[in-house]
Amino acid sequence: MSLVVLEGLDGSGKGTQAQLLGEALARQGVPLRQVTFPDYSSPSSSLVKMYLGGEFGSAPEDVNAYAASAFYAVDRFASFRKDWGEDYRQGKLILCDRYATSNLVYQMGKVPREEWDNYLAWVEDFEYGKLGIPRPDLVLYLDMPLSVSQKLLLERYHGDSGKKDIHESHLEFLRACRECARYAGQRLGWREIPCAKDEVPLPVEEIHQAVLAAVSPLL
């Protein structure tokens with residue numbers, strides 16, 4: 001049983017790389033199940049959608065790290081129990097576009113820096129221990145500079161910045177998220193995949209080859 005996570009800020013190309021990796025593994029005959037979080041098609045994501053839509057406040061900090069983390073964690077628990085848990089137990093490779101790792105990226109910066117290690121330990125205990133979802137075997141962090149990811153987000157929304165959620169629309173928050181991602185990655189052994197050079201995005205295929213090379217030892 002293997003669980004691989006693609007992590008990164010919005011606009012880093014996670015969805016594209018997850019699709020390319022899934023297609024490459026399928027061609028190799030690897031038994032595979034792809035999962036995306038949050039699961040917006042499920043009622044379990046209702047609190048996540050309310051939070052991102054600004055119903056609990058217009059800024060990310062209006063909901064504390066532990067409450068927001070619980071919203072996302074419950075969605076993952078429901079998805080594991082109802083959707084892909086059996087595939088995992090049967091030995092399929094589970095490929096996740098985001099996972100419990102996203103709480104470390106997006107929520108950890110809401111607590112004082114001197115409490116980051118305590119928050120990190122809390123997330124790991126809560127999600128993998130108390131809720132019982134599987135711990136990842138490999139986390140790949142797609143590191144895209146914020147200036148580049150913001151341009152890619154605007155392209156996704158066809159220039160309409162009003163379509164951004166409360167995470168995507170707060171630049172200082174996102175800068176802190178990138179710092180949190182690097183901190184968590186160093187503590188937990190994530191593999192960082194550079195996605196740009198000199199503020200210019202690398203070719204999608206070049207990033208894909210780096211991702212595929214990182215996953216290959218698990219196959």
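The backbone oxygen of A65 lies 2.6 Å from a polar atom of the S69 side chain. This comes from a predicted model. The briefing starts at S69, then turns to the nonpolar cores, helix α8, P194 and some backbone details.

**S69 in helix α3**

- S69 sits in helix α3, which covers residues 65–89.
- The relative accessible area of S69 is 0%. Buried means under 20%, so S69 counts as buried.
- Beyond its neighbours within four places in sequence, S69 is in contact with N103, Q107, Y119 and W122.

**Nonpolar cores**

- The largest nonpolar core has 35 residues.
- L3, W84, C96, Y99 and M108 have the most contacts inside this core.
- At least two residues of the core come from each of β1, α3, β3, α4, α5 (116–130), β4 and α7 (171–188).
- Helix α7 gives the most to this core, with seven residues.
- Another core, of 22 residues, lies apart from it. Among its residues are L140, M144, A214 and V215.
- C96 is in contact with L3, V4, V5, L6, V35 and F37, leaving aside neighbours within four places in sequence.

**Helix α8**

- Helix α8 has 12 residues, 204–215.
- At 1.5 Å a residue, helix α8 should span 16 Å. Its end C-alpha atoms are 17 Å apart, which agrees with that expectation.
- The buried residues of α8 are I207, H208, V211, L212, A214 and V215.
- Seen down the axis of α8, these buried residues fall within an arc of 160 degrees, so they line one face of the helix.
- The general pattern behind such a face is simple: an α-helix has 3.6 residues a turn, so residues three or four places apart point the same way.
- The buried residues of α8 pack against four elements: β1 (2–7), α1 (14–27), β4 (138–143) and β5 (191–194).
- Two of these buried residues, A214 and V215, are also among the residues of the 22-residue core.

**P194 in strand β5**

- P194 lies in strand β5.
- With a relative accessible area of 49%, P194 is partly exposed. The cut-off for exposed is over 50%, so P194 does not count as exposed.
- P194 and D143 are 51 residues apart along the chain, yet their C-alpha atoms are separated by 5.1 Å.
- P194 touches D143, L202 and I207, not counting residues up to four places away in sequence. I207 is one of the buried residues of α8.

**Cis peptide bond**

- F37 and P38 are joined by a cis peptide bond, with omega about -5 degrees.
- P38 is found in the loop between β2 (32–36) and α2 (46–52).
- F37 is also one of the contacts of C96.

**Positive phi at R98 and D198**

- R98 is not a glycine, but its phi is positive, near 80 degrees.
- R98 lies in the loop between β3 (93–97) and α4 (101–106).
- R98 is buried, with a relative accessible area of 9%.
- D198 is not a glycine either, and has a positive phi of about 55 degrees.
- D198 lies in the loop between β6 (196–197) and β7 (200–201).
- D198 is exposed, with a relative accessible area of 67%.
- In short, R98 is buried, whereas D198 is exposed.

Methods:
Residues numbered from 1 in each chain as written. Predicted model: local features only at pLDDT ≥ 70, side-chain atom pairs only at ≥ 80, totals over all residues. Heavy atoms only, no water. Buried < 20%, exposed > 50% of the residue type's maximum accessible area, 1.4 Å probe, protein only. Polar contact = N/O pair within 3.5 Å; in protein donor to acceptor, adjacent residues only side chain to side chain. Contact = heavy atoms within 4.5 Å. Expected span 1.5 Å × (residues − 1). Arc of directions from axis to C-beta. Core = buried A, V, L, I, M, F, W, Y, C linked by side-chain atoms within 4.5 Å.
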